[in-house]
Amino acid sequence: MQTDLMKHKVILHVVASLDGFIARNDNSVSWLDDTGDIYERGVAGNGEEEAGEDNYCFVLGSRTYEHALQLGWPYGDTPTFVVTHRQLQSARQSVEFYSGDLKRLVDEILAPRFRNIWLVGGARLCQDFLSLGLVDEIRLSIMPVLLGSGLSLFGNAGSETRWRLKDVIAYKTGIVELVYGSYGHPD
Ligand SMILES: NC(=O)c1ccc[n+]([C@@H]2O[C@H](COP(=O)([O-])OP(=O)(O)OC[C@H]3O[C@@H](n4cnc5c(N)ncnc54)[C@H](OP(=O)(O)O)[C@@H]3O)[C@@H](O)[C@H]2O)c1
């Protein structure tokens with residue numbers, strides 16, 4: 001029988017370069033700029049519209065949080081949970097800090113409140129979630145650019161895991177979104 005707790009979904013959603021990096025070494029973000037419509041058969045948009053329904057939150061690592069503050073906060077008033085070992089202060093009411101066991105964060109704090117839990121980076125936090133088996137869906141947007149070096153999304157400390165392809169969306173911008181489900185999640 002499916003319990004209420006099982007209805008939530010943790011979705012890892014990041015943008016990576018063709019060679020698997022999510023940030024340049026110097027943190028500059030011009031590689032994320034789209035270069036206009038280059039793929040006629042693609043659909044409009046870029047996948048950023050997907051958070052969808054009301055009942056969702058964002059989860060991010062503290063370095064992503066600090067970078068997002070510098071760039072201009074992209075998460076609006078959506079409840080946002082920042083994982084850190086530090087005592088950070090936020091002027092934003094929508095931001096809560098969390099330190100501790102990530103499984104407890106998902107099962108006891110987020111799952112009872114949110115249906116979709118969007119894990120939006122960075123690499124370190126995504127790797128921790130993956131190694132604990134806490135990710136139900138991976139939505140990887142591939143930017144048509146090779147960076148050559150940078151921060152690798154998956155690193156090289158993971159273990160082999162099969163994922164089930166659920167969808168492929170090609171955008172006019174040349175971005176391709178790959179959607180994979182975990183074999184352990186019901187949908
Ligand atoms: N392309 C994209 O879609 C995308 C998405 C997100 C981020 N980024 C980029 O990625 C870079 C940041 O990624 P990152 O991997 O360096 O850092 P990150 O994952 O954003 O943050 C790492 C920090 O989060 C905290 N943390 C992570 N796992 C933890 C755990 N299990 N328990 C407690 N705290 C934990 C620690 O904070 P404390 O040190 O405070 O304890 C750690 O230093 C930035 O340049 C950002 O712009 C790109």
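The chain has three helices and ten strands. Keep in mind as you look around that this is a predicted model. Reading along the sequence, you meet these elements in the pattern β-β-β-α-β-β-α-β-α-β-β-β-β.

**Overall form**

Let's start with the chain as a whole. With 187 residues, a compact globule would have a radius of gyration near 16 Å, and the chain has 16 Å, so the two agree. Taken along the principal axes, the C-alpha atoms fill a box of roughly 45 × 40 × 35 Å. Buried residues make up 28% of the 187 residues. Among contacts with a separation of 6 or more, 74% join residues that are 24 or more positions apart.

**Strands side by side**

Now find β3 (56-61), β4 (80-83) and β6 (116-119). β3 and β4 pair in the parallel sense over four bridges, with V59 standing opposite F81 in β4. β3 also runs parallel to β6, and four bridges join them; here C57 stands opposite I117. β6 has another parallel partner in β1, again through four bridges, and in that pair L12 has L119 as its bridge partner.

In a regular strand the side chains alternate between the two faces of the sheet. You can follow this in two of the strands:

| Strand | Pointing one way | Pointing the other way | Burial |
|---|---|---|---|
| β4 | T80 and V82 | F81 and V83 | all buried |
| β6 | N116 and W118 | I117 and L119 | all buried |

**The nonpolar core**

In soluble globular proteins, nonpolar side chains tend to be buried together. In this chain the largest nonpolar core has 34 residues, and those touching the most other members are C57, V59, I117, W118, L119, C126 and F129. Elements that give two or more residues to this core include β1, β2 and β3, along with the helices α2 (102-110) and α3.

L119 is a good residue to click on. Which residues is L119 in contact with, leaving aside its neighbours within four places in sequence? They are V10, I11, L12, V59, L125, C126, F129 and V135.

**Two neighbours, two settings**

V83 and T84 make a useful pair to look at. V83 lies in strand β4, whereas T84 is found in the loop between β4 and β5 (95-98). Is V83 buried or exposed? V83 has 21 other C-beta atoms within 10 Å, so it is buried. T84 has 16 other C-beta atoms within 10 Å and is therefore partly exposed.

Not counting residues up to four places away in sequence, V83 touches V59, G61, S62, Y98 and L125. On the same basis, T84 touches S62, F97 and S99. Distances along the chain and through space can be set side by side too. V83 and D101 are 18 residues apart in sequence and 9.9 Å apart in space, C-alpha to C-alpha. For T84 and Y65, 19 residues apart along the chain, the C-alpha atoms are separated by 9.8 Å.

**Around the ligand**

Finally, turn to the ligand. How many residues surround the ligand? There are 25, and the closest are G61, T64, H85, G121 and G122. By class, this shell has eleven nonpolar, ten polar and four charged residues. Strands β1 (9-17), β2 (21-23) and β3 each supply at least two residues of the shell, as do the helices α1 (62-71) and α3 (123-131).

Methods. Residues are numbered from 1 along each chain as its sequence is written. This is a predicted model: local features need pLDDT of at least 70, side-chain atom pairs count only at pLDDT 80 or more; totals for chains, interfaces and linings use all residues. A residue is near a molecule or strand if its C-beta atom, placed from the backbone, lies within 6 Å of it. Ala, Val, Leu, Ile, Met, Phe, Trp, Tyr, Cys and Pro count as nonpolar, Asp, Glu, Lys and Arg as charged, and the others, Gly among them, as polar. The radius of gyration is taken over C-alpha atoms; the globule rule is 2.2 Å times the number of residues to the power 0.38. A residue is buried if 20 or more other C-beta atoms lie within 10 Å of its own, exposed if 12 or fewer, and partly exposed in between; C-beta atoms are placed from the backbone. Two residues are in contact if their C-beta atoms, placed from the backbone, lie within 7 Å. A nonpolar core is a set of buried Ala, Val, Leu, Ile, Met, Phe, Trp, Tyr and Cys residues joined through C-beta atoms within 7 Å. Two strands pair if DSSP finds at least two bridges between them.
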